[in-house]
Amino acid sequence: MKGIKNNIEALKNLSFLYVVVESGEDDLEDSLYCLMKQNHKAAAEKLSA
């Protein structure tokens with residue numbers, strides 16, 4: 001966890017968006033696909049509003 005916190009601080013300083021994902025028992029690829037699909041839909045709705 002300490003390594004993650006150090007990386008987050010470095011990314012904040014570079015204006016990067018960071019995401020920490022823990023998949024648990026679910027398939028990580030499916031989880032990320034659903035997240036990206038949801039974000040894409042939200043962005044499209046925001047642009048069309």
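1. Gly 3 is found in helix α1, and in this predicted model the residue is partly exposed, with a relative accessible area of 41%. The C-alpha atom of Gly 3 is separated by 29 Å from that of Lys 37, a residue 34 places away along the chain.

2. The helix that holds Gly 3 runs over residues 2-13, and its length can be checked against expectation: at 1.5 Å a residue, the 12 residues of α1 should span 16 Å, and the end C-alpha atoms of the helix are 17 Å apart, which agrees. After α1 comes Ser 15, whose phi is positive, near 65 degrees.

3. As for the chain as a whole, the secondary structure consists of two helices and zero strands, and the C-alpha atoms fill a box of roughly 40 × 30 × 10 Å when this is taken along the principal axes. Of the 49 residues in the chain, buried residues make up 2%. The chain exposes about 4,900 Å², and carbon and sulfur atoms supply 56% of that area.

4. Which residues make the nonpolar patch on the surface? The patch, of about 460 Å², is made by Leu 17, Val 19, Leu 28, Leu 32 and Leu 35. Leu 17, one of these residues, is placed in the loop between α1 and α2; because its relative accessibility is 76%, and the cut-off for an exposed residue is over 50%, Leu 17 counts as exposed.

5. For the part of this patch that includes Leu 28, Leu 32 and Leu 35, the extent of helix α2, residues 28-48, is worth having in view. An α-helix has 3.6 residues a turn, so residues three or four places apart point the same way.

6. Charge deserves a separate comment. The chain carries 6 positive and 8 negative charges, and the mean positions of the two sets are 12 Å apart. A patch of negative charge on the surface gathers Glu 25, Asp 26, Asp 27, Glu 29 and Asp 30. Among them, Asp 30 lies in helix α2, and this residue counts as partly exposed because its relative accessibility is 47%, which falls between the limits of 20% and 50%.

7. Is Asn 39, a residue found in helix α2, buried, exposed or partly exposed? With a relative accessible area of 46%, Asn 39 is partly exposed. Its position can also be related to Lys 12, since the two residues are 27 residues apart in sequence and their C-alpha atoms are 20 Å apart in space.

8. Ala 43 is likewise placed in helix α2, and at 39% relative accessibility this residue counts as partly exposed. Between Ala 43 and Glu 22 the separation is 21 residues in sequence and 24 Å in space, taken from C-alpha to C-alpha.

Conventions. Residues are numbered from 1 along each chain as its sequence is written. This is a predicted model: local features need pLDDT of at least 70, side-chain atom pairs count only at pLDDT 80 or more; totals for chains, interfaces and linings use all residues. Side-chain values use heavy atoms; hydrogens and water are left out. Helices (H or I, at least four residues) and strands (E, at least two) are DSSP runs, numbered from the N terminus. Buried means under 20% relative accessible area, exposed over 50%, partly exposed in between (1.4 Å probe, protein chains only). Accessible areas come from the Shrake-Rupley method with a 1.4 Å probe; for residues, only the protein chains shown count as cover. Lys and Arg count as positive and Asp and Glu as negative; His and the chain ends are not counted. The place of a charge is taken as NZ of Lys, CZ of Arg, CG of Asp or CD of Glu. Patches are made of residues with over 30% relative accessible area and no salt bridge: like charges are joined within 9 Å, nonpolar side chains (Val, Leu, Ile, Met, Phe, Trp, Tyr) within 5 Å. A salt bridge is a side-chain nitrogen of Lys or Arg within 4 Å of a carboxyl oxygen of Asp or Glu. The expected span of a helix is 1.5 Å times one less than its number of residues.
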